[in-house]
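Please work through the exercises below with the sequence and the structure open side by side, and try each task before reading its solution.

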Amino acid sequence: MREPLFHFHRGNIRLIKASCADQTVDAVVNAANSGLWAGGGICGVIFAKAGMEELTDACRKYKTPLKDGSAVITPAFNMKNAKVIIHAVGPDFAVTPTAFRELFDAYYNSLKILMDNGYHSISFPLISSGIFGGALDNPAGESARQCLRAYNKFTADYPDYGVDVTLCAFSPSEMQAAQAEFDKVFGD
């Protein structure tokens with residue numbers, strides 16, 4: 001079964017159960033830490049696919065620590081399915097339990113960098129839904145909610161710039177939680 005594609009303004013957004021690192025897009029988003037070093041989860045996967053040494057060297061060119069909600073861009077190096085990697089720093093809800101604005105900003109700023117560099121397609125993980133989910137009741141649902149909010153604001157702010165967004169849930173439980181948020185926005 002193919003996942004539904006939701007279209008409005010000049011863009012599309014879809015939710016799939018897959019790894020964002022495996023999608024063929026202009027930009028793959030890394031759920032980055034503030035130091036831009038290789039971490040666990042999707043961050044570790046992206047560093048391994050891109051090339052640990054090359055990506056580490058590219059990330060060292062940025063002044064760190066980055067603020068929660070910020071995003072920066074690097075080449076994709078050995079990733080054949082993407083042109084660039086956008087590193088979005090999601091908040092750690094264990095440290096900052098009400099950082100919903102920063103989570104929104106991580107998605108929005110990624111879309112802005114995508115546009116500023118002339119790219120149109122992007123795949124996101126559920127930012128701050130893993131170890132950075134802290135004590136949130138529903139970190140995957142909250143992340144999907146903020147992604148949808150950022151997408152809606154971006155397409156309203158830049159109605160003439162076409163974007164194709166793929167939000168990737170990795171586990172069945174993440175997919176279920178994210179799907180519930182999509183259903184609230186788009187209906188069944």
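The exercises that follow concern a predicted model, and they treat its largest pocket, its helix packing and its backbone.

**Exercise 1. The largest pocket**

Task: Describe the space in the largest pocket, and find which helix gives the most to its lining.

Solution: Begin with the volume, since about 590 Å³ of space lies in the largest pocket. Of the 26 residues that line this pocket, the closest to its centre are Ala31, Gly40, Gly41, Ile42 and Gly130. Next, turn to the elements: strand S3 (27-32), helix H1 (41-50) and strand S7 (163-169) each supply at least two residues of the lining, and H1, with four residues, gives the most. Finally, sort the lining by class, which yields 15 nonpolar residues, 10 polar residues and one charged residue.

**Exercise 2. Helices H1 and H2**

Task: Determine how the axes of H1 and helix H2 (residues 52-59) are placed, and list the residues that meet.

Solution: The first step is the geometry, in which the two axes come within 6 Å and cross at roughly 110°. Angles of 65 to 115 degrees count as roughly perpendicular, and H1 is therefore roughly perpendicular to H2. The second step is the contact itself, where Ile46, Phe47, Ala48 and Ala50 in H1 meet Met52, Glu54, Leu55, Thr56 and Cys59 in H2. By class, this contact of H1 with H2 holds seven nonpolar residues, one polar residue and one charged residue.

**Exercise 3. Helix H4 and its two partners**

Task: Work out the angle, handedness and composition of the packing of H4 with helix H3 (residues 100-116), and then those of its packing with H5.

Solution: For H3 and H4, the axes come within 8 Å and cross at roughly 45°, so the two helices are oblique to each other, and their crossing is right-handed. On the H3 side the contact includes Phe100, Leu103, Phe104 and Tyr107, while on the H4 side Glu142, Ser143, Gln146 and Cys147 are among the residues that take part. The residues of the contact of H3 with H4 divide into 11 nonpolar, two polar and five charged.

For H4 (residues 139-157) and H5 (residues 172-186), the packing angle is about 40°, and the axes lie 8 Å apart. H4 and H5 are therefore oblique to each other, and H4 passes H5 in a right-handed crossing. Here Ala140, Gly141, Ala144, Arg145 and Leu148 in H4 meet a set of H5 residues that includes Glu174, Ala177, Ala178, Glu181 and Phe182. By class, the contact of H4 with H5 has eight nonpolar, one polar and four charged residues.

**Exercise 4. Two backbone details**

Task: Locate Leu36 and Pro65, and state what the backbone does at each of them.

Solution: A general expectation helps at the outset, as most residues other than glycine have a negative phi, and most peptide bonds are trans. With that in mind, consider Leu36, which lies in the loop between S3 and H1 and has a positive phi of about 55° although it is not a glycine. Then consider Pro65, whose place is in the loop between H2 and strand S4 (71-75); the peptide bond from Thr64 to Pro65 is cis, with omega near 10°.

How values were computed: Residues are numbered from 1 along each chain as its sequence is written. This is a predicted model: local features need pLDDT of at least 70, side-chain atom pairs count only at pLDDT 80 or more; totals for chains, interfaces and linings use all residues. Side-chain values use heavy atoms; hydrogens and water are left out. On a 1 Å grid over the protein atoms alone, a cavity is a set of points where a 1.4 Å probe fits but cannot get out, and a pocket is an open set with protein on both sides within 12 Å along at least five of seven lines; lining residues have an atom within 4 Å of a point. Grid points are joined across faces, edges and corners, and a volume is the space filled by probe spheres set on the points. Ala, Val, Leu, Ile, Met, Phe, Trp, Tyr, Cys and Pro count as nonpolar, Asp, Glu, Lys and Arg as charged, and the others, Gly among them, as polar. Axes are lines fitted to C-alpha atoms, for helices over the stretch in contact, and angles run from 0 to 180 degrees between N-to-C directions. Angles under 35 degrees count as roughly parallel, over 145 as roughly antiparallel, 65 to 115 as roughly perpendicular and the rest as oblique. A crossing is left-handed if the near helix is turned anticlockwise from the far one by less than a right angle, and right-handed if clockwise. Contact means heavy atoms within 4.5 Å.
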